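User: I should like to learn how to read the features of a protein model. Could we work through one step by step?

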Amino acid sequence: MITFEINHYVSFMKKLILLLLVLSSVSLSAQLRQRNLFVEGSVGFSQMTLPSGLKSRVFNFSPSFGLMLTEKTALIVGMNVVDIRSEGSFFGNTRNNSTSIFFGARQFFPISDKFYFYTQGLVGYGDLFADMYGTLGLNGTNQGGGDQVNIQVSPGFVFFPSPRWGLTTRIGTLGYRFKQSNSPSNFEFSLGSIRLGLLFRFAK
């Protein structure tokens, strides 16, 4: 199962890099510069089914604001809204909602003047609300809300089809979630999660 996911991930990445390299051959100028400001909005959706029958659907939305400290390094601040719905667990169906504010840094590695690879590290703080319903008489019952701290590292790409507008994609995450509630803290690793976004650069 894990080997299949890794092979699928590698295959997708090869196709994505090839496509963006072809598109980046068009002669346009959209180079990031020091003191540039940008805003970005991204959405993501993933779905997973385990052999046990547990099904999980994850949706997230994340607006953010960035400041280029250098031509390759940006300071990032933003907000992340996540909705997770699971079916088939021992306790019935569950729904988890969280809203957090995050800050961090993004390091760009230019492949061409329009195509960038980046890595970013973020630290977020927010609230978590967990709800169980469907079985055991737990309908509408809060089952473990509380504050949480997230530390996350993820790679991504940016392609500029025009000088100010950029298309972003973030693939896979590695993180640690510390929950100040009855739920345990845990590491999180995902190859299958994909976030797509739109970036606008305030060029001088």
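Analyst: The discussion below moves from the overall build of the chain to particular residues. Please keep in mind that this is a predicted model.

User: Let us begin with the overall build. How many helices and strands are there in the chain, and how do the elements run from the N terminus on?

Analyst: The chain contains 1 helix and 9 strands. Starting at the N terminus, the order is α-β-β-β-β-β-β-β-β-β.

User: What share of the residues counts as buried?

Analyst: A residue is called buried when its relative accessible area is under 20%. In this chain of 204 residues, 35% count as buried. The chain exposes about 11,600 Å², and carbon and sulfur atoms supply 66% of that area.

User: What part do residues far apart in sequence play in the contacts?

Analyst: Contacts with a separation of 6 or more are considered here, and 59% of them are between residues 24 or more positions apart. Methionine 68 offers a case to examine. This residue lies in strand β2, which covers residues 55-68. Its C-alpha atom is 5.3 Å from that of asparagine 36, although the two are 32 residues apart along the chain.

User: Is methionine 68 buried or exposed, and which residues does it touch beyond its neighbours within four places in sequence?

Analyst: Methionine 68 counts as buried because its relative accessibility is 1%. Beyond those neighbours, its contacts include Leu32, Arg33, Phe38, Thr73 and Phe108. Arg35 is also among them.

User: Where is arginine 35 found, and what is its phi?

Analyst: Arginine 35 belongs to the loop between α1 (2-23) and β1 (37-49). Its phi is near 75°, a positive value in a residue other than glycine. With 60% relative accessibility, arginine 35 counts as exposed.

User: Let us turn to charged side chains. How many salt bridges does the structure hold?

Analyst: To find a salt bridge, one looks for a side-chain nitrogen of Lys or Arg within 4 Å of a carboxyl oxygen of Asp or Glu. The structure holds 3 salt bridges. In one of them, arginine 106 meets glutamate 40, with an N to O distance of 3.1 Å. This pair links distant parts of the chain, for arginine 106 is in strand β4 and glutamate 40 is in strand β1, 66 residues apart.

User: Why do arginine 106 and glutamate 40 count as buried?

Analyst: Arginine 106 counts as buried because its relative accessible area is 2%. Glutamate 40 has 5% relative accessibility and therefore also counts as buried.

User: Which residues form the other salt bridges?

Analyst: Aspartate 83 and arginine 85 form a bridge with an N to O distance of 3.1 Å. Here aspartate 83 is buried at 15%, whereas arginine 85 is partly exposed at 39%. Aspartate 113 and lysine 114 form another, and their closest N and O atoms are 2.6 Å apart. Aspartate 113 is partly exposed at 33% relative accessibility, while lysine 114 is buried at 3%.

User: Which residue far along the sequence from lysine 114 lies 8.4 Å from it in space?

Analyst: That residue is serine 162, which is 48 residues from lysine 114 in sequence, the 8.4 Å being taken from C-alpha to C-alpha. Serine 162 is located in the loop between β7 (146-159) and β8 (165-180). At 23% relative accessibility, this serine is partly exposed.

User: How does one read the aromatic rings, and how many pairs are there?

Analyst: One examines the distance between ring centres and the angle between ring planes. The count comes to 8 aromatic pairs. The rings of phenylalanine 108 and tyrosine 116 have centres 5.9 Å apart and planes at 80°; since planes over 60 degrees apart count as edge-to-face, this pair is edge-to-face. Both phenylalanine 108 and tyrosine 116 are buried. Together with Tyr118 and Phe160, they form one aromatic cluster.

User: Which charged residue sits over the ring of tyrosine 118?

Analyst: It is arginine 106, whose charged end is 4.2 Å from the centre of that ring. Arginine 106 thus appears both in this arrangement and in the salt bridge with glutamate 40.

User: Finally, which residues make the nonpolar surface patch?

Analyst: The patch is made by Leu37, Val39, Phe65, Val77, Phe103, Val123, Ile151 and Phe202, and covers about 640 Å². Of these, phenylalanine 103 is found in strand β4, residues 92-110.

Conventions: Residues numbered from 1 in each chain as written. Predicted model: local features only at pLDDT ≥ 70, side-chain atom pairs only at ≥ 80, totals over all residues. Heavy atoms only, no water. Patch = residues over 30% accessible without salt bridge, like charges linked within 9 Å, V, L, I, M, F, W, Y side chains within 5 Å. Areas by Shrake-Rupley, 256 points an atom, 1.4 Å probe, with all protein chains shown as cover. Helix = DSSP H or I, 4+ residues; strand = E, 2+ residues; numbered from the N terminus. Buried < 20%, exposed > 50% of the residue type's maximum accessible area, 1.4 Å probe, protein only. Contact = heavy atoms within 4.5 Å. Phe/Tyr/Trp six-rings, centres within 6.5 Å; stacked < 30°, edge-to-face > 60°. Lys NZ or Arg CZ within 6 Å of the ring centre and 35° of its normal.
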